[in-house]
Amino acid sequence: MVKQLNIQNKLSESNLCRPTLDSMERINGFREVELGLSREQAMQEANRCLRCKSASCVAGCPIRINIPEFIGALADEELYRAAHILQRSNPFASSCGRVCPQETQCEARCILAKAGTPIAIGALERFVADWALDNKVEIGTGLRRAASGKNVAVIGSGPAGLTAASELALKGHSVKIYEALDDSGGVLLLGIPEFRLPKRIVIAEISRLLNLGIKIECNVFVGKTVAMSELYKEYDAIFVGNGAASIIKPGIPGEALKGVYSAKKYLASTNLAWINQRINGLSHSLLGKKVTVIGGGNTAIDCARVARRLGGDQVRIVYRRSEAEMPARLNEIMHAKEEGVELTTLSSPVRILGNAKRRVTSVICQKMELGKYDTSGRRRFYPIEGELIRMDSDLVIYALGTVAVPIMTDLWPARKRRNKIVVYETGETEISGIYMGGDNIRTNGTVAQAIADGKRAASAIHTFFALK
Ligand code: SF4
């Protein structure tokens, strides 16, 4: 029974308790950690929403979901309407509800954050979107406009590419996606572990989009398998959403030793093993008892938590600043600690050592201290002379970020003068008919930002065709 709330109740602190799997149970497998709200909890939380006329939460959402509308529909127990509002704005609402940092986006801007506790928008998004998946609620092909006769190539099938493809398909354009890997989904499928974002959710959301008649060809690396200039001749427009596939290495001696992995490779290998039901037969080189993870973001946390589940007895995250400066989400850090992951802060790796077989044995770290704040609002760090620590390690994973791989060099006349292509706010580039979005145009972007890029570019491509 959902309790009706008066304004005083709505403004006071919420006692919403988010169910999570017990920490001991978690590390014995890959089951999802955050279990999601019950129907009663979701209704109760939706009832707290003030349904603001000028809703500040919407401005905090990169996709500009009509948050008061979908939460209002949920509070009125009109789940189908809530699902439809959400799905029309966000094709990956179940995924976003799980992995987007709402606490720094929409929830940070919720008016109730000032008075008590913000509405748990992410948890409600997940509840409604999961209900829609379970009940097969789909934006049907009936919403698709008549065929326009225009062809669009989409490069990459991560959240930006798939969103652009689905928006363009709904507008009546014929779309073909070129994916470099075996499967579609990009970071959603291969970059986030099962216990944070189950594959069945990603696969269900992608299948729903592909039902719109989008064609997809996997194992095509644009720039190698096929030249960008060929696609440019063949298609009326191109959206490039190829993500950020190039890895930033630590740049220290020993990084090429056996047992040293980039986070991208480690997560892709373990996710693929999970998808192919080979997680128990994983290559020994990916398994370690003493694991050192270098980095302080969500990817570093993900790697450490995977390593714990794969038998790591001592799993340490090494970060050069303090815990307060770590860019990872607070609840992910909390979950990692609950699962036994240790944080070694104010430490920066300077050398990785190996044995005669060139297998990693330890990591040497320089101890650091914090200084004044820099322009990004974080404190600078300085080495403490002579203070080195050694960490025994049989597996080392570095999670220092990725950058985009340039793929349009054969088309881009300005390449000899600049190594960065100009991308305008709409996603349009300085080459007519080519649009970009997702992780290839920003660093540390969220899934919601990639989706927003895909939507913006699809809208700009549609306008481009109309004006042609
Ligand atoms: S700002 Fe908060 S209370 Fe207002 S509509 Fe958005 S979620 Fe609801």
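This report covers the domains, three helix pairs and the ligand shell of a predicted model.

## Domains

The domain assignment divides the chain into domain 1 (7-134), domain 2 (147-245 + 404-467) and domain 3 (247-398). Domain 2 is thus listed as two segments, 147-245 and 404-467.

Between the C-alpha centres of domain 1 and domain 3 the distance is 32 Å. These two domains are in contact, with 14 residues of domain 1 and 12 residues of domain 3 taking part.

## Helices α5 and α6

Helix α5 covers residues 67-75 and helix α6 covers residues 79-89. Their axes come within 7 Å and cross at roughly 165°. An angle over 145 degrees counts as roughly antiparallel, and α5 and α6 are therefore roughly antiparallel to each other. The crossing in which α5 passes α6 is left-handed.

On the α5 side the contact consists of E69, F70, A73 and L74. The α6 side supplies L79, R81, A82, I85 and L86. By class, the residues of this contact are seven nonpolar and two charged, with no polar residue.

## Helices α6 and α10

Helix α6 also packs against helix α10 (residues 121-134), the two axes coming within 9 Å and crossing at roughly 105°. Angles of 65 to 115 degrees count as roughly perpendicular, so α6 and α10 are roughly perpendicular to each other.

From α6, the residues in this contact are L79, Y80, A82, A83, L86 and Q87. They meet E125, F127, V128, A129, W131 and A132 of α10. The contact has 10 nonpolar residues, one polar and one charged. L79, A82 and L86 of α6 take part here and are also in the contact with α5.

## Helices α3 and α5

Helix α3 spans residues 39-48, and its axis comes within 8 Å of the axis of α5 at a crossing angle of roughly 125°. That angle makes α3 oblique to α5. As with α5 and α6, the crossing of α3 and α5 is left-handed.

A42, M43, A46 and N47 of α3 are in contact with I71, L74 and A75 of α5. This contact divides into six nonpolar residues, one polar and no charged. L74 of α5 appears in the contact with α3 and again in the contact with α6.

## Ligand shell

Which residues surround the ligand? The shell is made up of C49, L50, C52, A55, S56, C57, P68, C110, I111, I119 and I121. Of these residues, 10 are nonpolar and one is polar, and no charged residue is present.

Two shell residues fall within helices described above. P68 borders the ligand and lies in the 67-75 range of α5. I121, also in the shell, lies in the 121-134 range of α10.

How values were computed:
Residues are numbered from 1 along each chain as its sequence is written. This is a predicted model: local features need pLDDT of at least 70, side-chain atom pairs count only at pLDDT 80 or more; totals for chains, interfaces and linings use all residues. Side-chain values use heavy atoms; hydrogens and water are left out. Axes are lines fitted to C-alpha atoms, for helices over the stretch in contact, and angles run from 0 to 180 degrees between N-to-C directions. Helices (H or I, at least four residues) and strands (E, at least two) are DSSP runs, numbered from the N terminus. Angles under 35 degrees count as roughly parallel, over 145 as roughly antiparallel, 65 to 115 as roughly perpendicular and the rest as oblique. A crossing is left-handed if the near helix is turned anticlockwise from the far one by less than a right angle, and right-handed if clockwise. Contact means heavy atoms within 4.5 Å. Ala, Val, Leu, Ile, Met, Phe, Trp, Tyr, Cys and Pro count as nonpolar, Asp, Glu, Lys and Arg as charged, and the others, Gly among them, as polar. A residue is near a molecule or strand if one of its heavy atoms lies within 4 Å of it. Domain bounds come from an automatic or database domain assignment.
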